[in-house]
Amino acid sequence: MTYDKPVPTFGVPRTDLKQLVRLHLNDVAVRMWNQHIRDEKAGTPFASDTELPMYAGASEETAMDFIEFMIGKLEGQFESKFDELRQCATECDSLNTSKGLLELFFKQVKLQAETVGKVYLDGDETASAEVSTVGVLVHPYTDKCFMTCPGAEFAGQPVPSVALNKLLRDKNRDPTAGEYFATGEYFCIYFGYVQVTNGVVPDYTGYRFHGTSGFRKDAQTYCSLTDPGDGHCLEGTWITDNMKGAIVHVEWLERPKAAESRDMIESYRISSYIDFIKVRTHVSDAAPTTWFVGRPLKDSGDFGCDFLKVVHTTAAALSAAFAHGAAECKCVMEGLTASQMLRYMTALSQQLVRNRARQYVSAAFPLNTPLVDDREETKAANGGEPVTITDKYEIGKLGVVLAAEGGFDKVTFDGAGDVYPSVNILEQLGHPEAVDLIHRAHERGLITYYSAGFKIKDDSIAKAVLTGTDGIGIGGAQVLRHMDHTSGMHGPYQPENLPIILGLRNAAQETLLGRGVHLLCRMDRMFFEGTLDAVFEPKRDKLLQALQTKNEPAVETLMSMMSRIVEYPDDGETPMMGYFNRVLTADNPLVKIEAIKDVGEHGWSAMMKKIKILMEAEDENELYEVYRMAPWATWKDACHVQKFGGAARMKSKLVLGKVTN
């Protein structure tokens with residue numbers, strides 16, 4: 001294929017090149033260790049007394065320190081290559097010319113090919129065709145390094161590795177050794193890491209969002225594939241099919257046994273922002289990418305005194321992730337009372353810099369942590385005293401209300417405790433309660449998620465699918481990392497389990513109960529939207545009860561009665577087109593009933609005429625403006641008054657002006 005337009009060309013400063021070479025050298029050592037565990041330790045329990053490596057400040061003269069550390073973990077495997085590894089580290093520290101550093105990079109790639117070869121692939125191991133013609137050269141007189149990226153997919157992309165990774169991902173394979181040398185593709189990938197680390201923001205105009213509950217692309221229950229970062233980059237995101245109906249979630253799951261108590265350390269921890277933005281260069285528009293942030297920070301420990309700093313600091317961190325195309329950031333509601341949670345969520349949701357239609361903020365409620373409900377209405381009903389809730393189901397129910405009223409978009413029910421690995425959350429809740437929590441959240445317009453204890457050697461994934469949840473957290477010790485069960489330390493990523501995870505999910509969603517709960521998700525969402533036909537509203541509770549009791553004949557009967565809803569297409573990446581299509585095709589949607597009370601049949605007909613014009617133009621943005629503003633928003637909120645006493649959710653808005661807290 002020829003490219004007859006100006007070729008995108010990128011200068012690679014020597015400092016960036018040196019950074020690139022060192023990043024790659026570290027990854028070569030990590031890949032060798034991953035291979036060592038798989039080859040030499042196969043069939044034996046994984047053992048480690050050290051945490052996974054993390055980014056830390058270090059002088060440029062310490063490349064050898066990490067290499068010696070990793071050599072010690074290899075226990076003699078690849079011993080014939082140790083001197084070569086050390087030589088690469090020495091040269092990485094000492095070389096300062098572009099020519100020398102580029103030669104060192106390709107020397108390291110050769111070392112990788114001779115020791116571990118390609119990363120794991122579930123496909124053609126003999127594939128060798130080039131996917132691009134990326135080139136790298138050093139000017140013989142100036143010693144300046146340049147990278148050229150011919151191809152329309154690179155035009156206008158400031159970080160070319162984002163475009164290249166998509167090309168490779170669609171081939172379902174890693175670059176071959178020949179492509180490493182002949183085209184510079186591998187160089188391009190590592191240059192992308194350096195670019196984003198040094199502040200270049202890629203063009204992520206096509207980033208994925210979570211989708212609409214009940215009308216999501218590929219699946220209703222997305223598997224949230226969780227890793228601190230390098231597992232995604234080195235092995236987890238090379239195959240597009242392994243991200244179909246999945247979320248790529250960046251979170252630190254490793255929890256040392258010595259600090260297992262959640263008073264000492266969170267069940268999950270925030271990963272490096274550097275790891276997150278590296279992962280984004282691989283995922284791009286293939287799947288929603290999410291980041292765990294965690295519990296509120298503390299300064300003095302006094303909520304009122306800490307409030308401003310905590311909100312502004314957390315908002316800045318989340319906003320940075322959203323700038324790189326995050327679909328969601330997750331905050332944990334722990335260490336706060338209910339009224340404090342509401343104040344924190346309301347302020348935080350309004351401070352975030354994001355696309356509010358496509359980028360969500362999630363509230364995670366630890367169901368094993370007592371929740372003090374000190375809201376005014378609770379105290380008024382309890383003689384002026386707050387109520388401490390310890391029942392998991394009741395905490396979950398209150399969590400739905402708090403997330404909705406606090407302006408968040410997603411609620412997470414987390415079953416982690418002081419023991420790691422965790423006991424599955426569905427075992428802690430029970431099926432009827434688990435289905436009901438998702439139902440309650442969906443009818444308030446919230447995305448949902450279950451976390452803790454999901455495995456591939458039991459039926460926990462299938463059980464989660466039958467609740468209708470939008471996501472389940474999968475990773476760490478249970479599925480995607482080796483783990484030392486004595487120390488709590490994690491080992492290499494296990495990408496071979498990705499197709500198994502998705503296969504278990506796919507099988508469950510095709511069952512009668514899987515299809516039935518999908519219908520309930522649609523009906524709950526349509527209730528929130530006001531698109532549900534009034535005649536179908538009484539059947540929502542009947543379907544809920546049938547699913548809670550696993551009454552298959554009743555589920556099948558209800559599905560046949562509501563076949564129109566079953567047959568609706570999914571929304572894909574255009575939720576407003578999907579939403580207004582449901583409005584236009586319903587006979588007597590709830591929102592129409594409220595609109596006619598306000599503006600009459602003539603006013604409703606005029607609005608429908610406008611919407612049809614926008615639908616024909618496929619004007620997603622203008623449709624969103626209609627959806628979020630009066631009179632439409634007023635009509636939609638009126639649909640919820642009888643059930644909730646008001647709007648189902650607090651709108652998250654950025655108020656451009658001074659307000660009092």
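## Exercises on a predicted model

Helix H15 (residues 431–442; helices are DSSP runs of H or I with at least four residues, strands runs of E with at least two, numbered from the N terminus) has twelve residues and spans 17 Å from its first C-alpha to its last, close to the 16 Å expected at 1.5 Å a residue. The expected span is 1.5 Å times one less than the number of residues.

The model is predicted: local features need pLDDT of at least 70, side-chain atom pairs count only at pLDDT 80 or more, and totals for chains, interfaces and linings use all residues. Residues are numbered from 1 along each chain as its sequence is written, and side-chain values use heavy atoms, without hydrogens and water.

**Exercise 1.** Find which residues of H15 are buried, and what they pack against.

*Solution.*
1. Buried means under 20% relative accessible area, with a 1.4 Å probe and protein chains only.
2. Nine of the twelve residues of H15 meet this cut-off.
3. They are His431, Ala434, Val435, Asp436, Leu437, Ile438, His439, Ala441 and His442.
4. Their packing partners, by contact (heavy atoms within 4.5 Å), include helix H13 (392–405), strand S11 (410–414) and helix H18 (512–529).

**Exercise 2.** Locate Thr237 and decide whether Thr237 is buried or exposed.

*Solution.*
1. Thr237 sits in the loop between helix H8 (230–236) and strand S5 (246–250).
2. Thr237 counts as buried because its relative accessibility is 3%.
3. Leaving aside neighbours within four places in sequence, the contacts of Thr237 are Arg169, His232, Met243, Val248, His282 and Val283.
4. A polar atom of the Thr237 side chain lies 2.7 Å from the backbone oxygen of His232.

Terms used: Buried < 20%, exposed > 50% of the residue type's maximum accessible area, 1.4 Å probe, protein only. Polar contact = N/O pair within 3.5 Å; in protein donor to acceptor, adjacent residues only side chain to side chain.
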